[in-house]
Amino acid sequence: MEKWFEASWTSVVAICITAIGIYLAVIIFTRLAGKRSFSKMSSFDFAMTVAIGSIIATTVLSKSVSLTDGVVGLAMVYILQLSVAILRRSSNVEKLVDNTPLMLMDGTEILYENLKKARVTESDLRSKLRETNVLELSQVRAVVFEATGDISVLHTKDENVELEDWLMEGVTR
């Protein structure tokens, strides 16, 4: 337990230099790869964010992983992410990599079977409706559990406005 509070100046300086180096590497790679690197547009984007965080932490705090190892690991994750982003242009790869959006409400109708599939409770749904300022269920046109895990609520106060089919393309009912 006493070792928890021990640190040599050498290790503190090494951690500081490694942190600066890996931080600069993340900035450079993100500038090269683009903003998509930290987006939450799909599940593979989320995996990218988690992987980068893990590599940063391991590189900064582990004595067994050098700064060079960390930078090479980061480079590979960025290369993989860019490759998958390019390959996703093919519908077959997109189907393999991405989750399918799932409709949770169709108008005022709650799709209970889809709530079960998505592991979303009725109280989660109610909370999301309140969060998006739905005052009456008649305002709801659709609620979609997106591929990213977000829940989108499509609603309007004007009951005459119809939901365009294009917005629901690829959504499983």
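**Salt bridges, backbone and pockets**

Five salt bridges turn up in all by the rule applied here, and the model they come from is a predicted one. Start with the pair formed by Arg173 and Glu109, whose side chains meet with an N to O distance of 3.1 Å. Arg173 sits in the segment after strand 4 (151-155), while Glu109 belongs to strand 2 (residues 109-110), so this contact ties together parts that are 64 residues apart in sequence. Glu109 is partly exposed, at a relative accessible area of 41%.

A second pair stays within one element. Lys128 and Glu131 form a salt bridge at 2.9 Å, N to O. Both are in helix 6, and because they are three residues apart there, about one helical turn separates them. Glu131 is exposed, at 54% relative accessibility. Asp106 also comes into the picture: salt bridges with shared partners join Asp106, Glu109 and Arg173 into one network.

Then there is the bridge between Arg88 and Glu94, with 4.0 Å from N to O. Its two ends differ in how they are classed: Arg88 has a relative accessible area of 15% and is buried, whereas Glu94 comes out at 36% and is partly exposed. The cut-offs account for that split, since buried means under 20% and partly exposed covers the range from there up to 50%.

Glu94 comes up again at the pockets. The largest pocket has a volume of about 300 Å³. Its lining is made of 14 residues, with Glu94, Asp98, Asn99, Pro101 and Ala147 lying nearest the centre. Sorted by class, that lining holds three nonpolar, six polar and five charged residues.

The second largest pocket has a volume of about 260 Å³, and 17 residues line it. Nearest its centre are Ser11, Ala14, Ile15, Leu61 and Lys63. Two elements, helix 1 (9-33) and helix 2 (43-61), each give two or more residues to this lining. Helix 1 gives the most, with six residues. By class, the lining of the second largest pocket breaks down into eight nonpolar, seven polar and two charged residues.

On to the backbone. Most residues other than glycine have a negative phi. Arg119 goes the other way, with a phi near 60°. Arg119 is in the loop between helix 5 (112-118) and helix 6 (122-131), and it is exposed, at a relative accessible area of 75%. Asn133 is another non-glycine residue with a positive phi, about 65° in this case. Asn133 is placed in the loop between helix 6 and strand 3 (140-145). With a relative accessible area of 55%, Asn133 is exposed as well.

Around the loop that holds Arg119, one more pair is worth a look. Tyr112 is part of helix 5 and is partly exposed, with a relative accessible area of 48%. Tyr112 and Glu122 are 10 residues apart in sequence, and their C-alpha atoms are 8.4 Å apart in space.

Conventions. Residues numbered from 1 in each chain as written. Predicted model: local features only at pLDDT ≥ 70, side-chain atom pairs only at ≥ 80, totals over all residues. Heavy atoms only, no water. Helix = DSSP H or I, 4+ residues; strand = E, 2+ residues; numbered from the N terminus. Buried < 20%, exposed > 50% of the residue type's maximum accessible area, 1.4 Å probe, protein only. 1 Å grid on protein atoms, 1.4 Å probe; cavity = no way out; pocket = protein on both sides within 12 Å on 5 of 7 lines; lining within 4 Å. Points joined across faces, edges and corners; volume = space filled by probe spheres on them. Nonpolar A, V, L, I, M, F, W, Y, C, P; charged D, E, K, R; others polar.
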